[in-house]
Amino acid sequence: MTADKKLSNKYILIAVDESENARRAVSYVAELLGGVEGFEVTILHVIPLPEEDFFLTATEKGKWLSKYKVRIDAILEEYRQILIGAGFDPKYVSVRSPTRYCPSMAECILAERDEREYGTIVVGRQGLSRTEEFIFGSISSKIVTHARNCTVWVVE
Amino acid sequence: MAKFFSQSELREMISRWLPPRKIPKRFRIHRDTTEFFRVEYDDVVFLGGKTYLIRHNAKEQRFGLEDEVKFWVKRAIDLTNGSLKILKLVFREKFVAKIGDIEFECLRSPRKEARILDLVADSHNFMHGFSVKDARGNLVRVLDFIKGDPLSLHIQRMDMDHETYFHQHFPQVLDHYMDCIRAIYFLHQHGEKHGDIRRDHILIDSDSGHYRWIDFDINYRHRENIYGYDLFGLGNVLVFLVGKGDLLLRDLKHEGHPALSRVNEDDLNMVFTNRVVNLKKIYPYVPDSLNRVLMHFSKGTTWFYENTAQLLEDLEELRNAA
């Protein structure tokens, strides 16, 4: 990564999941920046390492993870095509789906940002009720609260 | 290799702990506990080289309903030393829990409870025990029997008005409960959830006086805040303790309570909207500092605790100031 990228908002991380909100975030970036030169985008989905309690055996857990990864990689590719279709140079649109131990997805996303030094993080708003957000937490709210040295876009 | 005893040897072992009239003539012996419904009163279970005589199934109190029999949880006597144990047999249950309109996936995990038992072996604020596999590999938890009442029952049995309770008993109750919150914080620091925090999942050990968490086999599929549901449970128990029970809108209406007209929607529990959380409106002697903590669990709150340490910090501050 160049020194310029470290300081540039043009190096964008779109954090997605399987929800419609994530698709909206991708579409928003596509509409806003498609065809504009100089932007580089990574579409990220962190695969949370599931807790062992939810599986009877390690094999079962492994199978679940493999299926999940196949599904997610297909979605990531679909999102990549949305950006390319909107005019992004394919060279500058990449996807990532690392598997991580993730008690907090927001922290995992922010760790990715820190490691690769994206200038902008884009996420979809989850549309949780206030109670739901309080008790179960909101990824986008936490990213907004805890992100440092970058810009955060929360797409409605 | 574990030794298996004959019927007469078993009878002799049991005679050390039970009077002759209570000793059965023959015993059904289980090495495999998969079919936990078949493990019944007066049966014998062999586990990890030890022999247990089964007594009753455990029961759990349900709000307003008859006690629910937990057929996978058995009282038992450890025939090597006569001590009372609770055997939790493997019951794989997956279910969708609901709080208000929010649904989330839960399951019973023997592995989780076994892990936590190892983790909390030195903490007097948890039940104690160990796990052992039966002949079919089922992870059975062998728990020390705790003599004592659930915290909920203890509070509800206090026969006095709220003000007397609040001034004379609540400070000690709170100190004990803060130990329980510290115990949950300890779990969270080690990456574990309790998973089923309820007022009747704290037993008051009548031998030691300690408040002890029980039943931590439930795991829930967390979202962003891994411990948020535990925190919500801790808050609900706290409100219950401050209020000497649930303060229900229905009851206030029934009594024609003078404060009722001052209670608004923001004063209610964020999920259970029939419960009043803003207790100061009903009991004006509840200090502001304590009421502020309660209000973080109300419908009107603008900020929820992110972690157990924050809740503890607020409570410690108000206890130190008292």
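Strands, written E, are DSSP runs of at least two residues, and helices, written H or I, are runs of at least four, both numbered from the N terminus. The model shown in every view is predicted.

**Figure 1. The loop of chain B that holds B:Asp42.** B:Asp42 sits in the loop between strand E1 (29-30) and strand E2 (44-47) of chain B. Its phi is positive, about 75°, although B:Asp42 is not a glycine. With 16 other C-beta atoms within 10 Å, B:Asp42 is partly exposed. This count lies below the 20 or more that a buried residue needs and above the 12 or fewer of an exposed one.

**Figure 2. The loop of chain A that holds A:Glu117.** A:Glu117 lies between helix H4 (105-116) and strand E6 (120-124) of chain A, in the loop that joins them. Here too a residue other than glycine has a positive phi, with a value near 55°. A:Glu117 has 17 other C-beta atoms within 10 Å and is partly exposed.

**Figure 3. Chain B as a whole, for orientation.** Chain B contains nine helices and twelve strands. The C-alpha trace of chain B spans about 70 × 40 × 35 Å along its principal axes. Of the 322 residues in chain B, 38% are buried. Among the contacts in chain B with a separation of 6 or more, 60% are between residues 24 or more positions apart.

**Figure 4. The open three-stranded sheet of chain B.** The strands of this sheet are arranged in the order E6-E7-E12, with antiparallel pairing. Strand E6 (94-99) and E12 of chain B are the edge strands, each of them paired on one side only. Direction ignored, neighbouring strands of the sheet are turned by 40° against each other on average. E6(B) pairs with strand E7 (residues 102-108) of chain B over six bridges, in the antiparallel sense. One residue pair to locate in this view is B:Ile99 and its bridge partner in E7(B), B:Ile102.

**Figure 5. Helix H2 of chain B and the elements it packs against.** H2(B) covers residues 110-119. Its buried residues are B:Pro110, B:Lys112, B:Glu113, B:Ala114, B:Ile116 and B:Leu117. These buried residues pack against three strands and a helix of chain B: strand E8 (129-133), strand E9 (139-144), strand E12 (218-220) and helix H5 (170-189). E12(B) is also an edge strand of the sheet in the preceding view.

**Figure 6. The contact between helices H8 and H9 of chain B.** The axes of helix H8 (residues 288-295) and helix H9 (residues 308-321) of chain B cross at roughly 165° and come within 9 Å. Since angles over 145 degrees count as roughly antiparallel, this makes H8(B) roughly antiparallel to H9(B). The crossing of the two helices, H8(B) and H9(B), is left-handed. H8(B) contributes B:Ser289, B:Leu290 and B:Val293 to the contact, and H9(B) contributes B:Asp314, B:Leu315, B:Leu318 and B:Ala321. By class, the residues of the contact of H8(B) with H9(B) are five nonpolar, one polar and one charged.

**Figure 7. The contact between chain A and chain B.** Chain A provides 17 residues and chain B provides 18 residues. On the side of chain B that touches chain A, E7, H2 and helix H6 (228-243) of chain B each supply at least two residues. H6(B) gives the most to this side, with three residues. The side of chain B that touches chain A consists of eight nonpolar, six polar and four charged residues.

**Figure 8. The open five-stranded sheet of chain A and two helices beside it.** The strand order is E4-E2-E1-E6-E7 (chain A), and the pairing is parallel. Strand E4 (93-96) and strand E7 (151-155) of chain A stand at the edges with a single partner strand each, so one side of each has no neighbour in the sheet. From one strand to the next, the twist averages 20°. E6(A) and E7(A) are joined by five bridges in the parallel sense, and A:Val122 has A:Trp153 of E7(A) as its bridge partner. Helix H2 (residues 20-33) of chain A packs on the sheet and touches strand E1 (11-15), strand E2 (40-44), E6 and E7 of chain A. The direction of this helix makes about 135° with that of E6(A). Helix H3 (residues 58-85) of chain A lies across E2 and E4 of chain A and runs at about 165° to E4(A).

Note on methods:
Residues are numbered from 1 along each chain as its sequence is written. Chains are lettered from A and ligands numbered from 1 in the order in which they are written. This is a predicted model: local features need pLDDT of at least 70, side-chain atom pairs count only at pLDDT 80 or more; totals for chains, interfaces and linings use all residues. Two residues are in contact if their C-beta atoms, placed from the backbone, lie within 7 Å. Two strands pair if DSSP finds at least two bridges between them. Axes are lines fitted to C-alpha atoms, for helices over the stretch in contact, and angles run from 0 to 180 degrees between N-to-C directions. Ala, Val, Leu, Ile, Met, Phe, Trp, Tyr, Cys and Pro count as nonpolar, Asp, Glu, Lys and Arg as charged, and the others, Gly among them, as polar. Angles under 35 degrees count as roughly parallel, over 145 as roughly antiparallel, 65 to 115 as roughly perpendicular and the rest as oblique. A crossing is left-handed if the near helix is turned anticlockwise from the far one by less than a right angle, and right-handed if clockwise.
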